[in-house]
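Hi,

Here is the structure I promised to pass on to you. Please open it beside this email, and I will walk you through what turned up.

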Amino acid sequence: MPFSDYRPDLMGSARINVESPVTCGAWTTLELVYTAGHFGIDDLGGLKISFRSASDQTPPQFDQPKAPGYTTVTASNGARLNASYSKNSNIRPWGNTLHIKCLNFLSEGDTITVRFGDQSGGSPGTRMQTFREYAHEYRVHVDAFATYDFVVLPPEHQPVIALLPGPVARHIVILPTLRQVGEDFALGLKAEDRWGNPTDADQGDYTLNSSMPVEGLPERISMAKATDGVLRLEGLRMNREGDLRIEMLDDAGQCVARSNSLRCQVVCDTRHYWSDMHGQSGETVGTNTARQYFSFGRDKALIDICGHQGNDFQITDSFWAELNQLTAEFDEPGRFLAVPGYEWSGNTSVGGDHNVWYRTEGRPIYRAHRALVMEDSTDENVCLDAKELFSRLKDEDALVVAHVGGRYADISFAHDAKLEPSVEVHSAWGTFDWIFEDARKAGYRVGIVAASDGHKGRVGASYPGAGKFGSMGGLTCHLMPTLDRDSLFRAFRRRRHYATTGCRPFIDVRVSSLTDATCRVSETEAEPVSEALIGDIVSCSNEAVAFSFDLSAQSGIERIDVKDGVELLQRFQLEPEARKTGRRLRIQCEGAEYRGRGRLVNWDVEVKSSRSAICKAAPINFWNPDSAVTHDSRSVRWKNVTTGGFHAVDIWLEEAAVGSLTILVNGTEIAVDLSTLDANDHIHEFGGLQKAIRITRLPDATLATGYKGSLTVPLNIGEERCLYLRTTFEDGHVAWTSPVYLTRVR
């Protein structure tokens with residue numbers, strides 16, 4: 001039982017001075033008043049005032065009246081109060097907690113007033129949480145008897161406010177990725193505020209400019225007709241092959257948004273469908289309700305497939321039943337898939353986090369433990385380690401994926417090829433190539449997926465806000481003939497998917513002209529094939545194969561790495577000659593401190609140019625809008641974080657190869673002679689987990705958004721190749737294809 005439930009009706013009440021919704025990310029002062037109940041509060045008793053762990057509201061502080069978050073705490077009877085604040089100091093999900101100890105007693109009717117963001121001394125106030133929450137609660141707990149046994153106030157006495165999106169900061173245009181000529185598809189148009197919340201503040205009209213004729217596409221649209229900032233145009237059709245892109249133009253003719261690329265083919269054996277199968281809602285450690293979670297994925301993120309992966313030790317039996325009801329309700333084959341599941345949240349020492357999905361509702365939840373559901377379940381379905389989990393799932397129609405979150409999965413502890421076809425290399429927690437590399441080193445044949453593990457109620461469009469998450473949530477593209485659960489599970493088990501850090505490129509990988517080849521369909525079945533696709537496990541008699549790939553993206557393609565497991569076979573860089581003389585330099589910070597929760601790296605960077613003037617600087621992967629880049633003609637400065645992935649700043653110099661750069665990074669000085677800087681990466685390592693500064697010269701202009709290539713790969717008898725792409729785009733996004741596993745048998 002997390003807290004005492006002794007007479008909450010006599011513990012008092014709390015209110016807050018907010019009567020109308022507050023804008024996400026707004027600076028303000030909040031006045032919360034607690035009124036003591038019948039018992040009052042004994043001396044050395046007190047309050048806890050908590051908000052959710054996912055919240056990125058400015059942390060309260062008590063010593064700097066002019067600084068953000070300055071907070072004052074006073075008692076109406078003059079009682080002395082001791083206030084402190086810390087994160088993760090209360091039972092989840094109410095981790096962000098202000099502790100108030102009463103050094104003198106309070107009687108019934110006495111009040112404690114807390115002013116979050118007190119502006120009387122010059123503070124700008126407290127900045128509100130940056131993501132929408134329909135009922136944002138400040139949960140008040142009372143220790144009336146100085147026993148440190150806190151009682152939660154009744155819901156009707158808890159302060160709750162609504163947080164709404166702010167003004168429009170950007171637009172998003174979303175197309176599907178692969179469809180057939182003559183087949184209907186939909187176009188999504190979205191307005192977002194600066195924090196990534198869909199906003200209905202845009203009432204403007206826009207022109208749609210299409211790169212190819214599209215039947216049913218209007219010339220003009222009005223965002224006034226959007227629902228919560230999202231407009232979906234159905235019944236569009238293309239009547240010839242090609243790559244379609246659509247621009248959204250304002251009345252001045254300026255492009256405010258460009259779509260991803262839609263590849264249209266005469267014949268499609270599969271379509272591309274996008275998923276975010278991993279996130280949480282407010283019933284566990286996330287935000288808003290599970291119903292609002294699924295609605296967001298379908299109607300606002302415009303993804304095709306969604307799962308809800310609450311931590312198992314926070315999913316009560318009643319909530320598990322509710323989740324199954326919701327996935328059955330939202331699942332609509334051909335339109336949107338909602339898949340039942342949960343996150344098995346064992347400690348890393350017993351296997352670590354693994355996502356579990358079922359093909360059908362009504363299946364058991366096998367928990368790693370029952371730490372926060374003690375009163376609502378039994379030990380019957382507890383699996384104390386990942387080996388036991390795989391044992392209990394062996395006869396279930398289930399999928400499992402190893403995840404890296406707070407607890408990271410140790411894939412060497414347990415693995416079942418039938419149940420666990422893939423590993424998750426990216427989420428809002430960061431980028432984790434190492435988990436795939438661990439699997440490969442262990443000899444496992446796994447695919448690659450990405451998701452968000454979003455806690456902010458924005459599954460499928462999971463921006464990190466201003467908190468500890470340093471990355472945008474990822475997406476996975478599934479290659480399926482139709483949008484239904486049967487097709488999803490078949491494709492997933494064959495690793496027919498590729499992963500991204502949140503972008504939606506078209507990617508095709510195949511190995512053609514195979515001889516005497518068979519493809520493994522399941523643990524016991526194989527079929528003859530003449531070519532291999534993403535995720536296939538193939539045996540053949542070829543002495544060499546052509547590994548071919550085709551990409552079409554929203555952003556320029558910065559590099560394509562063809563890899564064989566952990567080995568880089570070849571790097572393809574577009575416009576290699578223009579790179580050698582380009583005036584644009586990319587200064588990239590990357591990596592993590594280590595694999596666990598404290599992986600975040602804080603970067604403090606200053607770049608100084610000795611002779612060549614700095615003309616422009618542009619941030620890459622600066623997901624927190626507060627992390628600004630400042631520059632003048634001789635220097636550029638920024639502070640930002642990485643959590644396994646990277647951020648960068650592109651710098652345009654007046655002259656390409658004149659003088660030098662001095663880069664000051666976290667107290668270390670790096671000297672770069674511009675005359676020796678070519679198209680190759682210059683890397684300066686900082687220890688940790690691939691923590692480094694990478695300096696790359698790029699062409700002055702943007703790079704091409706499409707590329708077709710091929711690489712001849714020799715095959716040796718009995719030696720397996722693990723061939724896949726890791727593609728980095730100019731805008732900072734990354735994509736991974738699941739490998740093609742190839743073995744020459746004779």
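Let's start at T327, a residue of helix α2, which runs over residues 317-330. Please keep in mind that this is a predicted model.

Is T327 buried or exposed? Its relative accessibility is 2%, and the limit for calling a residue buried is under 20%, so T327 counts as buried.

Which residues does T327 touch, once its neighbours within four places in sequence are set aside? On one side of the numbering there is F294, and further along the chain come A338, V339, P340, E361 and R485. If you would like a distance to try out in your viewer, take T327 and S427: they are 100 residues apart along the chain, and 22 Å separates their C-alpha atoms.

Next, have a look at strand β8, residues 96-102. Six of the seven residues in β8 are buried, so this strand is mostly covered. Two strands that pair with β8 are worth finding:

- Strand β5, residues 46-51, is antiparallel to β8, and six bridges link the pair. Within this pairing, G46 sits opposite K101 of β8.
- Strand β7, residues 81-86, also pairs with β8 in the antiparallel sense, again over six bridges. Here S84 is the residue that faces H99 of β8.

When you follow the side chains there, it may help to recall that in a regular strand they alternate between the two faces of the sheet.

Now for the protein as a whole. How many helices and strands does it have? There are six helices and 57 strands. The C-alpha trace spans about 85 × 70 × 55 Å along its principal axes. The radius of gyration is 27 Å, which agrees with the value near 27 Å that a compact globule of 746 residues would have.

Of those 746 residues, 59% count as buried. Contacts between residues at least 6 apart in sequence are often long-range: 72% of them join residues at least 24 apart.

As for the surface, the protein exposes about 28000 Å², and 47% of that comes from carbon and sulfur atoms. Among the charged side chains, 79 are positive and 99 are negative, with the centres of the two sets 3 Å apart.

Enjoy looking around, and do write back with any questions.

Best wishes

Key. Residues are numbered from 1 along each chain as its sequence is written. This is a predicted model: local features need pLDDT of at least 70, side-chain atom pairs count only at pLDDT 80 or more; totals for chains, interfaces and linings use all residues. Side-chain values use heavy atoms; hydrogens and water are left out. Helices (H or I, at least four residues) and strands (E, at least two) are DSSP runs, numbered from the N terminus. The radius of gyration is taken over C-alpha atoms; the globule rule is 2.2 Å times the number of residues to the power 0.38. Buried means under 20% relative accessible area, exposed over 50%, partly exposed in between (1.4 Å probe, protein chains only). Contact means heavy atoms within 4.5 Å. Accessible areas come from the Shrake-Rupley method with a 1.4 Å probe; for residues, only the protein chains shown count as cover. Lys and Arg count as positive and Asp and Glu as negative; His and the chain ends are not counted. The place of a charge is taken as NZ of Lys, CZ of Arg, CG of Asp or CD of Glu. Two strands pair if DSSP finds at least two bridges between them.
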